[in-house]
Amino acid sequence: MMNENEHIEQIHARNFFRQRRLLFSKAKLKAVSRTSALLSGFAMIAMVEVSLDDYKQSKTSTPLIVTYAALTCLVVGVHLLALMISTCILPLLETGDSFGYEDHETMFVYIELAWILSTGFGIFLFLLEIAVVCWVKFYVILRPAAVAATMIIVPVIILFSIFALHFYRRLVFHKLNRHQTELDQIEIGLTTVKFPIVDHV
């Protein structure tokens, strides 16, 4: 009877970890949806609203305009890709009945990809775009303003990168500890199971 109780507890523990992982994935995808929609919208507004009339007669600033256009398209593309992944997978996770844990395992790579694209790579590109927008806006009018904006945004990008790396390392360490705990519980369960002895007549 004790072995059956332990087995039931192990099943409950595994189900708890699975449910917790599903909830965590849902929270990630919801954050991806909000962040990507917001930042891609800001990038599109910046591309439309920035006036380029001062650059019509200027040929020396062509690399700056090309960089601005390419970076804006990259920001919008990255965030829309993350948004599409989130929009496709999140309803399946919300239903629950038609999307089991086994299916979630196959989609986990896409969930992580959307999370990294939106909150990591996408925000980093957005910060770069802010610096480039300042140069496009103030390059002709007042160049020291563009330099001042760059001097402010560069430390922010560095701090963002340091935090992202530190957070990712802590997250990986936490996941490794959790998986090790699960493996230890399975090992304990396997070593404590006693099979009944059957006498052959």
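Start with the surface: the protein exposes about 13,600 Å², and carbon and sulfur atoms supply 70% of that area. Keep in mind that what you're looking at is a predicted model. On the inside of the ledger, buried residues account for 31% of the 201 residues in the protein.

The layout is easy to follow. You'll find 4 helices and 0 strands, so the elements read α-α-α-α from the N terminus on. Helix α1 covers 2-49 and α2 covers 62-95, then comes α3 at residues 101-138, and α4 takes residues 143-192. As for how the chain meets itself, take the contacts between residues at least 6 apart in sequence: 82% of them join residues at least 24 apart.

Now for the packing. The largest nonpolar core has 26 residues, and those with the most contacts inside it are Leu29, Tyr68, Ile89, Leu93, Val132 and Val136. Three elements, α1, α2 and α3, each give two or more residues to this core. The largest share comes from α2, with 11 residues. There is also a second, separate core of 5 residues, including Leu127, Ala131, Ile157 and Phe160.

Zoom in on Ser118, a residue of helix α3. Is Ser118 buried or exposed? Its relative accessibility is 0%, so Ser118 counts as buried. Look past its neighbours within four places in sequence, and Ser118 turns out to be in contact with Val32, Thr35, Ser36, His79, Ala82 and Ile123.

Helix α3 also takes part in a charged pairing. Side chains of opposite charge can pair when their charged atoms come close. How many salt bridges does a search of the whole structure find? The search turns up 1, and the partners are Glu112 and Lys28, whose side chains meet at 2.4 Å, N to O. Because Glu112 lies in helix α3 and Lys28 in helix α1, the pair ties together parts that are 84 residues apart in sequence. Both Glu112 and Lys28 are buried.

Next, try Glu94, which lies in helix α2. Glu94 counts as partly exposed, because its relative accessibility is 40% and the partly exposed class runs between 20% and 50%. Which residues is Glu94 in contact with, once its neighbours within four places in sequence are left aside? The answer is Lys26 and Lys30. Along the chain, Glu94 and Lys26 are 68 residues apart, yet their C-alpha atoms are separated by 7.6 Å.

Moving on to where α3 ends and α4 begins, Ala146 is in helix α4. Ala146 has a relative accessible area of 0%, so this residue is buried. Not counting residues up to four places away in sequence, Ala146 touches Cys134, Trp135 and Phe138. Ala146 can also be placed relative to Val132: the two are 14 residues apart in sequence and 8.6 Å apart in space, C-alpha to C-alpha. That Val132 is one of the residues with the most contacts inside the largest nonpolar core.

One of the residues that Ala146 touches, Phe138, is found in helix α3. Phe138 has a relative accessible area of 31%, so Phe138 is partly exposed. Together with Val140, Ile141 and Leu142, Phe138 makes a nonpolar surface patch of about 360 Å².

Finally, it's worth laying the record over the model. An unreviewed UniProt entry carries the annotation "transmembrane region" for residues 68-93, 113-140 and 146-168. In the model, the span 113-140 is 93% helix and 0% strand, with its end C-alpha atoms 39 Å apart. The span 146-168 is 100% helix and 0% strand, and there the end C-alpha atoms lie 32 Å apart. Several residues from this walk-through fall into the annotated stretches: Ser118 and Phe138 are within 113-140, while Ala146 sits at the start of 146-168.

Technical notes:
Residues are numbered from 1 along each chain as its sequence is written. This is a predicted model: local features need pLDDT of at least 70, side-chain atom pairs count only at pLDDT 80 or more; totals for chains, interfaces and linings use all residues. Side-chain values use heavy atoms; hydrogens and water are left out. Buried means under 20% relative accessible area, exposed over 50%, partly exposed in between (1.4 Å probe, protein chains only). Contact means heavy atoms within 4.5 Å. Accessible areas come from the Shrake-Rupley method with a 1.4 Å probe; for residues, only the protein chains shown count as cover. Patches are made of residues with over 30% relative accessible area and no salt bridge: like charges are joined within 9 Å, nonpolar side chains (Val, Leu, Ile, Met, Phe, Trp, Tyr) within 5 Å. A salt bridge is a side-chain nitrogen of Lys or Arg within 4 Å of a carboxyl oxygen of Asp or Glu. UniProt positions are given in the numbering used here, feature names are shortened, and annotations may be inferred rather than shown by experiment. A nonpolar core is a set of buried Ala, Val, Leu, Ile, Met, Phe, Trp, Tyr and Cys residues joined through side-chain atoms within 4.5 Å.
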